[in-house]
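This briefing goes through one protein model by topic. The sequence and coordinates come first, and the notes follow.

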Amino acid sequence: MTTPSGSTCTTIVQVNGAWLCVLSPNPLDEEIVNVVQTDPSGNVSLPVTSTINILTDRDVDGLSDIIEQQIGTDATLDDTNGDGTNDYNNDLDNISPIIEL
């Protein structure tokens with residue numbers, strides 16, 4: 001993945017098709033990200049583009065998906081107690097994830 005501002009990341013796609021890649025440095029809001037995939041034989045896919053929305057909060061817990069990815073939580077999982085970490089990845093130290101970040 002790459003952006004015009006220089007944010008990049010590389011990851012390995014799991015057998016089930018799942019992948020996670022955190023851009024670094026942080027991308028700009030509304031920036032276009034280009035994604036390509038390379039198979040084990042070195043064949044490169046056509047690029048796919050998407051617009052980054054830094055304010056996206058898919059689990060509606062008050063933390064943007066970008067922040068959740070930076071602190072190591074899954075932005076698509078529920079946060080029923082609203083502590084900023086998802087229900088399946090809570091370090092239970094009672095310190096706000098924003099402070100930890």
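**Thr3 and the overall fold**

Thr3 sits in the segment before β1. The model is a predicted one. Its protein chain has 2 helices and 2 strands, arranged along the sequence as β-β-α-α.

**Chain totals**

- The protein chain has 101 residues, and 23% of them are buried.
- Among contacts in the protein chain with a separation of 6 or more, 23% are between residues 24 or more positions apart.

**Surroundings of Thr3**

- Thr3 has a relative accessibility of 8% and counts as buried, because buried means under 20% relative accessible area.
- Apart from residues up to four places away in sequence, Thr3 touches Leu23, Pro27, Glu31, Ile32, Val33 and Ile52.
- Of these, Ile32 and Val33 fall in β1, which spans 32–35.

**Disulfide**

- The model contains 1 disulfide.
- The disulfide joins Cys9 to Cys21, with an S to S distance of 1.9 Å.
- Both Cys9 and Cys21 are in the segment before β1, so the bond ties together parts that are 12 residues apart in sequence.
- The torsion about the S-S bond of Cys9 and Cys21 is about 140°, and the disulfide is therefore right-handed.
- Cys9 and Cys21 are buried.

**Nonpolar core**

- The largest nonpolar core consists of 5 residues: Cys9, Cys21, Leu23, Val33 and Ile52.
- The two cysteines of the disulfide are thus part of this core.
- In soluble globular proteins, nonpolar side chains tend to be buried together.
- With neighbours within four places in sequence set aside, Val33 is in contact with Met1, Thr2, Thr3, Leu23, Val48, Thr49, Ser50 and Ile52.
- Two of the contacts of Val33, Leu23 and Ile52, are also members of the largest nonpolar core.
- Leu23, Val33 and Ile52 also appear among the residues that Thr3 touches.

**Trp19**

- Trp19 is another residue of the segment before β1.
- Its relative accessible area is 44%, so Trp19 is classed as partly exposed.
- Beyond residues up to four places away in sequence, Trp19 touches Met1, Thr11, Ile12 and Val13.
- Met1 is in contact with Val33 as well.

**Second largest pocket**

- The volume of the second largest pocket is about 340 Å³.
- Its lining has 15 residues, and those nearest the centre of the pocket are Thr11, Val13, Val36, Gln37 and Thr38.
- By type, the lining of the second largest pocket has 10 nonpolar residues, 5 polar residues and no charged ones.
- Thr11 and Val13, listed near the centre of this pocket, are also touched by Trp19.

**Thr56 and the loop before α1**

- Thr56 lies in the loop that runs between β2 (48–51) and α1 (65–71).
- The relative accessible area of Thr56 is 28%, and Thr56 is therefore partly exposed.
- Excluding neighbours within four places in sequence, Thr56 is in contact with Ser64 and Asp65.
- The C-alpha atoms of Thr56 and Ile66 are 7.9 Å apart, and the two residues are separated by 10 residues along the chain.
- Ile66 falls within the 65–71 range of α1, as does Asp65, which is in contact with Thr56.

Definitions and conventions:
Residues numbered from 1 in each chain as written. Predicted model: local features only at pLDDT ≥ 70, side-chain atom pairs only at ≥ 80, totals over all residues. Heavy atoms only, no water. Disulfide = S-S within 2.5 Å. Helix = DSSP H or I, 4+ residues; strand = E, 2+ residues; numbered from the N terminus. Buried < 20%, exposed > 50% of the residue type's maximum accessible area, 1.4 Å probe, protein only. Contact = heavy atoms within 4.5 Å. 1 Å grid on protein atoms, 1.4 Å probe; cavity = no way out; pocket = protein on both sides within 12 Å on 5 of 7 lines; lining within 4 Å. Points joined across faces, edges and corners; volume = space filled by probe spheres on them. Nonpolar A, V, L, I, M, F, W, Y, C, P; charged D, E, K, R; others polar. Core = buried A, V, L, I, M, F, W, Y, C linked by side-chain atoms within 4.5 Å.
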